[in-house]
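Trainee: I'd like to go through the labels on this model and ask where each one comes from. Can we take them one at a time?

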Amino acid sequence: MKTLEQHLVNYASYHRDVRNIRTHFVGIPLIVLAVAQLLAQVPLGGGLTLLAPVLLASCAFYLALSRPLGLLMTVLMLLTGWAGTLLAAQPGALWLGLLLFALGWVIQFVGHWYEGRKPAFVDDLLGLLVGPLFVVVEWLFLLGLCQPLQAAITAGAGPLRGVQKVAAGH
C-alpha cells in the first residue's frame with residue numbers, strides 16, 4: 001500500500017493550480033455529502049444502510065495512512081454521514097442527493113479546466129478517497145499546520161501555480 005505522502009503527492013500532481021484547489025474546497029465536500037446522503041437511502045437490513053460499511057472502509061483507509069489525520073478524517077466522515085442520514089430522511093432526498101452530486105462534479109470540472117488536466121481518479125480510483133483527504137490537508141496547510149508534509153508534497157508534485165507572492169515589507 002502507498003504511504004500517505006505517496007498518495008498525496010500523486011493526487012497533488014493533478015492539482016497545482018490554486019484555482020483548481022479552491023474549487024475542490026467546495027466541490028469535494030458537496031460530493032462527499034451527496035454520496036453519504038444517497039448511500040443512507042439504501043437499506044441493508046437491521047437498521048443499517050449502505051452508508052455504514054462505506055464509512056467504515058473509508059475511515060479504515062484513512063487510519064491506515066496516518067493515525068492523526070485518520071482520526072480527523074474519521075470525525076469529519078462521521079459528521080458527514082450524520083448529515084447525509086438527516087438529509088436522506090427528507091422529502092425529495094433522492095433528487096437532492098443527485099443535485100448535490102452533480103453540482104459538486106460541475107465545480108470539480110471547472111477547476112480541472114483551469115488546471116488543464118484530468119481528475120486524478122481517472123488514473124487511480126483511490127483518488128476518490130484521497131480527494132477528501134487532500135482538501136483537509138490543504139486546509140491544514142492554510143492554517144500553517146503540517147508544514148513538513150506540505151514541503152514533501154511540493155517537492156514531489158511541484159510548486160503551486162497562481163500563488164500571489166507578497167513582496168517583503170509590503
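Trainee: What makes Phe101, Trp105 and Phe109 an aromatic cluster?
Mentor: Remember first that this is a predicted model. Rings pair if their centres lie within 6.5 Å, and Phe101, Trp105 and Phe109 form one cluster. Take Phe101 and Trp105: their ring centres are 6.3 Å apart, so they pass the 6.5 Å cut-off.

Trainee: Why is the pair of Phe101 and Trp105 called edge-to-face?
Mentor: Their planes stand at 70°, and over 60 degrees counts as edge-to-face, so the label follows. Both residues sit in helix α5, residues 93-115, four residues apart, which means about one helical turn separates them.

Trainee: Are Phe101 and Trp105 buried or partly exposed?
Mentor: One of each. Trp105 has a relative accessible area of 17%, and buried means under 20%, so Trp105 is buried. Phe101 comes out at 32%, between the 20% and 50% limits, so Phe101 is partly exposed.

Trainee: How many aromatic pairs does the rule give?
Mentor: Six aromatic pairs. Another of interest is Phe25 with Trp139, with ring centres 4.5 Å apart and planes at 25°.

Trainee: Why is the pair of Phe25 and Trp139 called stacked?
Mentor: Planes under 30 degrees apart count as stacked, and 25° is under that, so the pair is stacked. This pair links distant parts of the chain, with Phe25 in helix α2, Trp139 in helix α6 and their positions 114 residues apart.

Trainee: How do you know whether Phe25 and Trp139 are buried or partly exposed?
Mentor: Look at the relative accessible areas. Phe25 has 16%, under the 20% cut-off, so Phe25 is buried. Trp139 has 44%, over 20% but not over 50%, so Trp139 is partly exposed.

Trainee: Staying with α6, how do you know that α3 meets α6?
Mentor: Contact means heavy atoms within 4.5 Å. On the α3 side there are Ser58, Phe61, Tyr62 and Leu65, and on the α6 side Leu129, Val130, Pro132 and Leu133. By class, that makes seven nonpolar residues, one polar and no charged ones. Ser58 of α3 isn't on the nonpolar or charged list, so serine falls under polar.

Trainee: And what is the geometry of α3 and α6?
Mentor: Two packed helices are described by the angle and the distance between their axes. Helix α3 (residues 51-65) and helix α6 (residues 127-142) pack at about 65°, with axes 11 Å apart. The crossing is right-handed.

Trainee: What makes Asp17 count as buried?
Mentor: Its relative accessibility is 5%, and the cut-off is under 20%, so Asp17 counts as buried. Asp17 lies in the loop between α1 (4-12) and α2 (18-39).

Trainee: What does the side chain of Asp17 reach?
Mentor: The backbone nitrogen of Arg19, at 2.8 Å. A polar contact needs N or O atoms within 3.5 Å, and 2.8 Å fits that. Leaving aside neighbours within four places in sequence, Asp17 is in contact with Tyr114, Glu115 and Arg161.

Trainee: Is Tyr14 buried or exposed?
Mentor: Buried, because its relative accessible area is 6%. Tyr14 is in the loop between α1 and α2.

Trainee: Last one: what is the phi of Cys146?
Mentor: Near 60°, a positive value in a residue other than glycine. Cys146 lies in the loop between α6 and α7 (147-157). At 30% relative accessible area, Cys146 is partly exposed.

Conventions:
Residues are numbered from 1 along each chain as its sequence is written. This is a predicted model: local features need pLDDT of at least 70, side-chain atom pairs count only at pLDDT 80 or more; totals for chains, interfaces and linings use all residues. Side-chain values use heavy atoms; hydrogens and water are left out. Axes are lines fitted to C-alpha atoms, for helices over the stretch in contact, and angles run from 0 to 180 degrees between N-to-C directions. Helices (H or I, at least four residues) and strands (E, at least two) are DSSP runs, numbered from the N terminus. A crossing is left-handed if the near helix is turned anticlockwise from the far one by less than a right angle, and right-handed if clockwise. Buried means under 20% relative accessible area, exposed over 50%, partly exposed in between (1.4 Å probe, protein chains only). A polar contact is a pair of N or O atoms within 3.5 Å; within protein, one must be able to donate a hydrogen and the other to accept it, and residues adjacent in sequence count only if both atoms are side-chain atoms.
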